[in-house]
Amino acid sequence: MTLIYSFLFCGVVCLIGQIILDNTKLTPGHLTSLFVVVGAFLDIFDMYDKIILWAGGGALVPITSFGHLLTHGALVKAANVGIMGLSMGIFDLTSSGILAAIIFSFVLALIFKPKD
Amino acid sequence: MEKIRYKEIVDKNAPKSVRFKNGVRAFLIGGFVGMLGDFLMQLYAYLFHIPTKEASVFMIITLIFFGCLFTALGFFDNFVKYAKAGLIIPITGFAHATMSATLEYAREGLVTGIGANMLKLSGSVIIFGVISAYFFGLVRLIFFGG
C-alpha cells in the first residue's frame with residue numbers, strides 16, 4: 001500500500017517542482033535549493049516524519065528528504081549533547097548520500113570520458 | 001480578422017498545453033521513481049533482514065549509483081530533458097548534477113578539474129541545506145526545547 005502512497009507523494013512533489021519551473025525563471029539549481037529548505041523547514045514541527053510514516057520510501061526519494069535528514073540528525077544529536085550537538089550531528093544521516101555521490105562521480109569520471 | 005483571432009487563441013493555448021504535458025510527465029516519472037525507491041527499500045529489508053531505516057540508506061545509494069552511471073554513459077541527459085522536474089527533484093537529480101559537473105571538468109586534471117568543480121552544480125543543495133537545517137534546528141531547540 002505504501003507503494004501507491006509513495007507514487008502519489010513523490011509525483012505531487014515533482015509536479016509542484018515542474019509548475020514552479022514552468023511558470024518562473026528559476027533554474028533547476030534554484031529549485032533543488034528551495035526544496036531542500038522546505039524539507040528542513042517541515043522538520044521543525046515533525047511533519048516530515050509523519051509523511052515518511054505515511055508514504056514510506058517515496059518520501060525519502062525527493063530532495064526535500066535531504067533537508068529533513070540534515071535537521072533530523074542535528075536535532076537527534078542535540079537531544080543528547082546539548083546545543084553543540086547541532087553542529088556535531090548535522091551530517092549524521094546524510095553523509096551516506098553525499099559520500100555515495102562523490103565516490104561514484106569520482107570513480108566513474110576516471111573510467112568514462114565525456115563524449116564531446 | 002478570423003486569422004488574427006485564430007493566432008491569438010493558438011498563442012494563448014500552446015504554452016499551456018506544453019505546461020500540462022510537462023506536469024503530467026513530471027508527475028508520472030517522479031512518482032515512478034518514488035515508487036521504485038519504496039520498492040527497493042522493502043526489497044532490501046526483506047532480502048537482507050535489516051530494519052527499514054538501514055534499507056533506506058542502501059536504497060538512496062542505489063538510486064545515486066544508477067543516476068551517476070546513466071549520466072556517465074551519456075543517456076541520462078536525455079531522460080532529464082524529457083522528464084524535467086520528474087528526475088531533478090528526486091535524489092537522482094543530485095547525482096546527475098554532481099556527475100555531469102565532474103565529467104565536464106575531468107579533462108582539466110584531478111585537483112583543479114574534478115576536485116574543484118565536482119560540487120559546482122550540486123553544492124548549493126548542500127550549502128543551503130546545512131544553513132537552513134542549522135537555523136531551523138536552532139529555532140526548534142530554543143523555542144520548542146528539542
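The following exchange between a biologist and a modeller goes through a predicted model, with most of its attention on chain B and chain A.

Biologist: Before we begin, on what footing do the values stand?

Modeller: Residues are numbered from 1 along each chain as its sequence is written, chains are lettered from A and ligands numbered from 1 in the order in which they are written, and side-chain values use heavy atoms, with hydrogens and water left out. Because this is a predicted model, local features need pLDDT of at least 70 and side-chain atom pairs count only at pLDDT 80 or more, whereas totals for chains, interfaces and linings use all residues.

Biologist: How many helices does chain A have?

Modeller: Helices here are DSSP runs of H or I with at least four residues, and strands are runs of E with at least two, numbered from the N terminus. From the N terminus on, chain A reads α-α-α-α-α-α, and its strand count is zero, so the number of helices under that definition is six.

Biologist: What area is buried between chain B and chain A?

Modeller: Buried area is the accessible area, taken with a 1.4 Å probe, that two parts lose on being put together, summed over both. The contact, meaning heavy atoms within 4.5 Å, takes 62 residues from chain B and 63 residues from chain A. Carbon and sulfur atoms give 80% of the buried area, which is about 5500 Å².

Biologist: Which three residues supply more of the area that chain B buries against chain A than any other three?

Modeller: Together the three supply 13% of the area that chain B buries against chain A. They are Phe27(B), Ile89(B) and Arg140(B).

Biologist: Which residue forms a salt bridge with Arg140(B)?

Modeller: A salt bridge is a side-chain nitrogen of Lys or Arg within 4 Å of a carboxyl oxygen of Asp or Glu, and across the interface of chain B and chain A the rule finds one. In the salt bridge of Arg140(B), the closest N and O atoms are 3.0 Å apart, and the partner is Asp46(A).

Biologist: Which helix gives the largest share of the side of chain B that touches chain A?

Modeller: Several helices of chain B each supply at least two residues of that side, among them helix 2 (52-73) and helix 7 (123-143). The largest share amounts to 17 residues, and it comes from helix 1 of chain B.

Biologist: Why is the pair of Phe104(A) and Phe65(B) classed as it is?

Modeller: Rings of Phe, Tyr and Trp (its six-membered ring) pair if their centres lie within 6.5 Å, and planes under 30 degrees apart count as stacked, over 60 as edge-to-face and the rest as tilted. This pair crosses between chains, from helix 6 (residues 95-111) of chain A to helix 2 of chain B. The ring centres of Phe104(A) and Phe65(B) are 4.9 Å apart and the planes stand at 65°, so the pair is edge-to-face.

Biologist: Is Ser56(B) buried or exposed?

Modeller: Buried means under 20% relative accessible area, exposed over 50%, and partly exposed in between, with a 1.4 Å probe and protein chains only. Ser56(B) lies in helix 2 of chain B and touches Leu60(A) and Met41(B), not counting residues up to four places away in sequence. A polar atom of its side chain lies 2.7 Å from the backbone oxygen of Lys53(B). With a relative accessible area of 10%, Ser56(B) is buried.

Note on methods:
Polar contact = N/O pair within 3.5 Å; in protein donor to acceptor, adjacent residues only side chain to side chain.
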